[in-house]
Amino acid sequence: MKKYFLVLIMTLALPSLLMGCWGRQELNTVAIIHTIAVDKGKNNHVRLTIEISELISQGQAPIGLKGKPFYLTSEGETIFEAARDLRNSSSRYLIWGHANAIVFSQELAKKGIKKHIDVLMRLRHFRNTMNVFIADGRADDVFTASIPQQSFIAIGLSGLVDAQKSTANTLRITMIQVTQSLTNKYKALTIPAVQLFQHPHSNKKSLRTLGLYLFKDDKLHSFMDVEKTKAYVRSINEAQSAVETLSCGKKQERITFENVKNQTKIRSELQGNQPRITLELFADFNIVDVQCGVKITAKQIENWEKQLDLRLKQQVQDLIRYSQNHKIDLLGIGELIHREHPTVWKLLKNNWNQKYPHVPFQIVIKSRIEHSSLLS
C-alpha cells in the first residue's frame with residue numbers, strides 16, 4: 001500500500017517540476033540571423049557580416065518577420081570572436097540557429113576553410129543543414145543584391161540552389177556535407193559558386209548560382225564551369241533533371257531535350273595491381289522542341305540517341321581529364337577501390353595522388369528517348 005501511495009505522490013509531483021521555461025527570450029528582445037558572410041579582415045582577422053530580421057509582436061500574439069533586413073559587421077581572430085563581438089553592436093539577443101546560408105569569400109577560401117568550419121560545427125547555435133556557398137568576390141557583396149520576391153538573401157540563395165533539380169548546373173551543399181568531406185576525405189570537396197551580376201534590364205544587382213568551386217584538401221583550388229558541373233552532378237547520381245541541345249545541321253536551328261532521369265554506376269577492375277574504372281551512365285530524355293522540321297521516326301530517334309551518347313560522353317571525359325590533370329579524386333575512386341579491393345588499396349593509398357592521374361577510365365553512355373510530346 002505504501003508503495004502505491006509513493007508512486008501516486010511522485011506522479012503528481014513530477015509535472016510541477018517539468019513546468020516552466022528556462023532561458024526564455026521575449027520576442028521584443030531577440031533578432032533572427034538569416035545569412036552569414038565571411039571575409040578576410042584586416043591583419044589576417046576574420047570579418048563577419050550578418051543579415052538580421054526582427055521578430056515583431058503585436059498585442060499578445062507574434063506576427064512574425066516584418067520590415068527590411070539590416071546588417072551588422074564585426075572582426076575577430078576567429079569566427080567565434082567576431083560573432084561574440086557582434087553582440088556589442090546589437091541591442092537584441094542574436095539567434096544564430098535559424099541561419100540558412102553562409103557565404104565564404106573566394107580570397108578566404110583559398111587560404112583554407114577547415115579551421116572556420118571546425119569553429120562553426122562546435123557551436124551548438126549553428127545548424128548543420130545550413131547551405132554553404134563561395135562568392136566569386138567578397139562575401140558581403142551578396143547583401144548588395146536584389147532577389148525578386150525575396151526579402152532575405154538566405155531565402156533567395158536557397159531557392160537559387162534548387163536549380164540543381166531542373167538544370168544540374170549547381171549542387172546543394174550543407175554544412176554537415178562540408179564537414180564530412182573534410183573529415184573522411186573519400187572524395188574532393190565541392191561548394192556551389194554564387195555570382196553577383198548586373199541585371200540587363202535595370203540598374204539592380206542580382207545573384208545566380210552556376211558551377212562549383214573545387215577544393216584540394218581544404219583550400220579552394222579552381223572553378224568548374226557549367227558543363228563540368230553537369231557531368232559531375234550526373235556522375236554522383238544527384239542530377240534529377242537537365243537540358244541538352246543538339247544542332248539540326250542548319251544555322252541556329254536546334255533540337256532540345258529534357259533529361260528526366262539519370263543513373264550512374266561506377267565499378268573497378270584489376271589488371272594485376274593496376275585498377276581500371278568503368279563509369280556507366282543511363283540517361284532518359286524527352287524531346288521538347290524541334291526547330292528543323294524533320295519527321296520524328298524510330299530511325300531518327302535512334303540517331304538522336306547516338307548523338308546524345310557522344311555529347312554526354314564528351315562531358316564526362318572532360319570532367320575526368322580535368323580531375324586527373326589537377327590530381328584531385330573528384331568522384332571518390334580511391335574509396336571505391338578501398339571497398340572493392342582492400343588488399344590492393346593498401347599498396348596504392350600512400351601514393352594515390354600520383355597514381356590517380358594514370359588510372360584508365362572507360363565511359364559508357366546509354367541514352368534513351370522515351371517521349372516526343374510533339375504533334376509532328
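Biologist: Is glutamate 370 buried, partly exposed or exposed?

Modeller: This is a predicted model, and the accessibility here is computed from it. Buried would need under 20% relative accessible area and exposed over 50%. Glutamate 370 has 38% relative accessibility, so the residue counts as partly exposed.

Biologist: Which residue forms a salt bridge with glutamate 370?

Modeller: A salt bridge needs a side-chain nitrogen of Lys or Arg within 4 Å of a carboxyl oxygen of Asp or Glu. For glutamate 370 the closest N and O atoms are 2.9 Å apart, and the partner is arginine 368.

Biologist: How many residues apart in sequence are the parts that aspartate 284 and arginine 368 tie together?

Modeller: The side chains of aspartate 284 and arginine 368 meet in a salt bridge, at 3.0 Å from N to O. Aspartate 284 lies in strand S14 (residues 274-290) and arginine 368 in strand S15 (residues 361-371), so the parts tied together are 84 residues apart.

Biologist: Is aspartate 284 buried or exposed?

Modeller: Its partner arginine 368 is partly exposed, at 43% relative accessibility. Aspartate 284 has a relative accessible area of 9%, and the cut-off for buried is under 20%, so aspartate 284 is buried.

Biologist: Why is one side of strand S12 left without a neighbour in the sheet?

Modeller: Four strands form an open sheet with mixed pairing, in the order S12-S13-S14-S15. Strand S12 (242-247) and S15 stand at the edges, so one side of each has no neighbour in the sheet. The reason is that each has a single partner strand.

Biologist: What is the bridge partner of leucine 246 in S13?

Modeller: S12 and strand S13 (residues 254-271) run antiparallel and are joined by six bridges. In S13, the partner of leucine 246 is isoleucine 255.

Biologist: At about what angle to S13 does helix H9 run?

Modeller: Helix H9 (residues 333-340) lies across S13, S14 and S15. The helix runs relative to S13 at about 45°.

Biologist: What separates the C-alpha atoms of lysine 355 and lysine 327?

Modeller: Lysine 355 is placed in helix H11 (residues 352-355). Along the chain, lysine 355 and lysine 327 are 28 residues apart. Their C-alpha atoms are separated by 8.8 Å.

Biologist: How many salt bridges does a search of the whole structure find?

Modeller: One salt bridge joins the side chains of lysine 228 and aspartate 225, at 3.4 Å from N to O. Elsewhere, Asp39, Arg47, Glu75, Arg138 and Asp140 are linked in a network of salt bridges. For the whole structure, the search finds 18.

Technical notes: Residues are numbered from 1 along each chain as its sequence is written. This is a predicted model: local features need pLDDT of at least 70, side-chain atom pairs count only at pLDDT 80 or more; totals for chains, interfaces and linings use all residues. Side-chain values use heavy atoms; hydrogens and water are left out. Helices (H or I, at least four residues) and strands (E, at least two) are DSSP runs, numbered from the N terminus. Buried means under 20% relative accessible area, exposed over 50%, partly exposed in between (1.4 Å probe, protein chains only). Two strands pair if DSSP finds at least two bridges between them. Contact means heavy atoms within 4.5 Å. Axes are lines fitted to C-alpha atoms, for helices over the stretch in contact, and angles run from 0 to 180 degrees between N-to-C directions.
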